[in-house]
Amino acid sequence: MLKRIHAASLAAAFVAGAISPALAQGEVNVYSYRETKLIQPLFDAFTKDTGIKVNVISASSGLEQRIKTEGENSPADVLLTVDIGRLEEAVKAGISQAIVSAELDKVVPPQFRDPEGHWYAISMRARVVYASKERVQQNSLTYEELADPKWKGKICIRSGQHMYNNVLIAAYIAHHGEAKAEEWLKGVKANLAQKPSGGDRETARDVAAGKCDLGIGNTYYYGLMQANPQQKPWADATKVILPTFAGGGTHVNVSGVVLAKHAPHKAEALKLIEWLAGEKAQHMYADVNYEYPLRPGIAINPAIAAFGTLKADPLPLSKIANERKAAAALVDKVGFDN
């Protein structure tokens, strides 16, 4: 049963029986922040392969608090989300338990999993530059260069407080320290063509319309735009540049999973998590969602592979996540969104 509801409606959904707390065999209950249309094909394939039914509750916020409030009676087995920040927040909320899986340890690189096993990344996306094909001649740049005055009035971006940008800024702090990150963020703000707004696809739209020359967005949106007749012109007008930190790699964020602390279907939940890291699911993440697979040896979607070879930032995501609070404070301090 699938629903997408806001946190305030979650309680009513459970009273109505959206997920039965009964310890039914052959089921796994997933609380998800991911869009249903992106994950349902994966769950359908998992059920077909294993016979285990997947029940899903989707929401845009509040799932960690809901699981915490439900306590030992929570029917949640797995929390599925994007963003390292949400994965870390789930651990800090005390709603997770360590996952013990030799299979996951084999296929998920250490920088993309919690050192104590409380979260594992499943797929990866890079935070890149959408550049105007017509007006931008260079094909490479660093994140540091986004603050160069030569881009004054030429950059579009969504809110600095959005989780995608928050973690990018946190990564900058992790590389250079808070003082240099503040100086950089002031420089990027000075280069903005307009007040931060919209989403990543609106950023590409504005680059295509000539409102700015550079936009900041995630890689998979480019694939989604190419597949959408109305948005394809935005993608066609832009080229994707994989920026790097000076002396580092391209900033990446992840989608990932947490095994709920009181998971009533722990064995089924572990099967699902391992299946999501398996070859079939990783191919689906690449081909359907335009994400980078984490499992070695899985082909990247051609639309994404065309950007060039991704050299992911080697800093552990857990270290970057530790700087998120400082990143949010910097956004407010420099008035980035004003």
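These legends walk through an overall view and several close-ups of one predicted protein model.

The residues are numbered from 1 along each chain as its sequence is written, and side-chain values use heavy atoms, with hydrogens and water left out. Since this is a predicted model, local features need pLDDT of at least 70 and side-chain atom pairs count only at pLDDT 80 or more, while totals for chains, interfaces and linings use all residues.

**View 1. The whole protein, with its 15 helices and 10 strands.**
Helices (H or I, at least four residues) and strands (E, at least two) are DSSP runs, numbered from the N terminus. The C-alpha atoms fill a box of roughly 60 × 40 × 40 Å along the principal axes. The radius of gyration, taken over C-alpha atoms, is compared with a globule rule of 2.2 Å times the number of residues to the power 0.38. For 338 residues a compact globule would come near 20 Å, and the protein has 20 Å, which agrees. Contact means heavy atoms within 4.5 Å. Among contacts with a separation of 6 or more, 80% join residues 24 or more positions apart.

**View 2. The surface and the charges of the protein.**
The protein exposes about 13900 Å², and carbon and sulfur atoms supply 52% of this area. Accessible areas come from the Shrake-Rupley method with a 1.4 Å probe, and for residues only the protein chains shown count as cover. There are 39 positive and 36 negative side chains, and the centres of the two sets lie 4 Å apart. Lys and Arg count as positive and Asp and Glu as negative, while His and the chain ends are not counted. Each charge is placed at NZ of Lys, CZ of Arg, CG of Asp or CD of Glu.

**View 3. Phe 112 in the largest nonpolar core.**
Buried means under 20% relative accessible area, exposed over 50%, and partly exposed in between (1.4 Å probe, protein chains only). Of the 338 residues, 57% count as buried. A nonpolar core is a set of buried Ala, Val, Leu, Ile, Met, Phe, Trp, Tyr and Cys residues joined through side-chain atoms within 4.5 Å. The largest such core has 108 residues, and Phe 112, Leu 146 and Leu 214 are those with the most contacts inside it. Leaving aside neighbours within four places in sequence, the residues in contact with Phe 112 include Trp 119, Met 124, Val 252, Leu 294 and Leu 317.

**View 4. Two loop residues with positive phi, Asp 83 and Tyr 290.**
Look for Asp 83 in the loop between strand 4 (78-82) and helix 4 (84-92). Its phi is near 85°, although Asp 83 is not a glycine. At 2% relative accessibility, Asp 83 counts as buried. Tyr 290, also not a glycine, has a positive phi of about 60°. You will find Tyr 290 in the loop between helix 12 and strand 10 (292-293). With a relative accessible area of 14%, Tyr 290 is buried.

**View 5. Helix 11 and the loop that follows, with Glu 274 and Gly 278.**
Glu 274 sits in helix 11 and is partly exposed at 29% relative accessibility. Not counting residues up to four places away in sequence, Glu 274 touches Ser 101, Glu 103 and Leu 104. Its C-alpha atom is 9.8 Å from that of Ala 102, though the two residues are 172 apart in sequence. Gly 278 lies in the loop between helix 11 (266-276) and helix 12 (279-289). This glycine, Gly 278, counts as buried at 15% relative accessibility.

**View 6. Glu 182, a buried residue of helix 7.**
Helix 7 covers residues 178-190, and Glu 182 is found there. The relative accessible area of Glu 182 is 16%, so this residue is buried. Beyond residues up to four places away in sequence, Glu 182 touches Leu 330, Lys 333 and Val 334.

**View 7. Arg 135 in the loop between strand 5 and strand 6.**
Strand 5 spans 120-132 and strand 6 spans 155-156, with Arg 135 in the loop between them. Arg 135 is partly exposed, with a relative accessible area of 32%. Apart from neighbours within four places in sequence, Arg 135 is in contact with Val 207, Gly 210, Cys 212 and Asp 213. Between the C-alpha atoms of Arg 135 and Ala 227, 92 residues apart in sequence, the distance is 24 Å.
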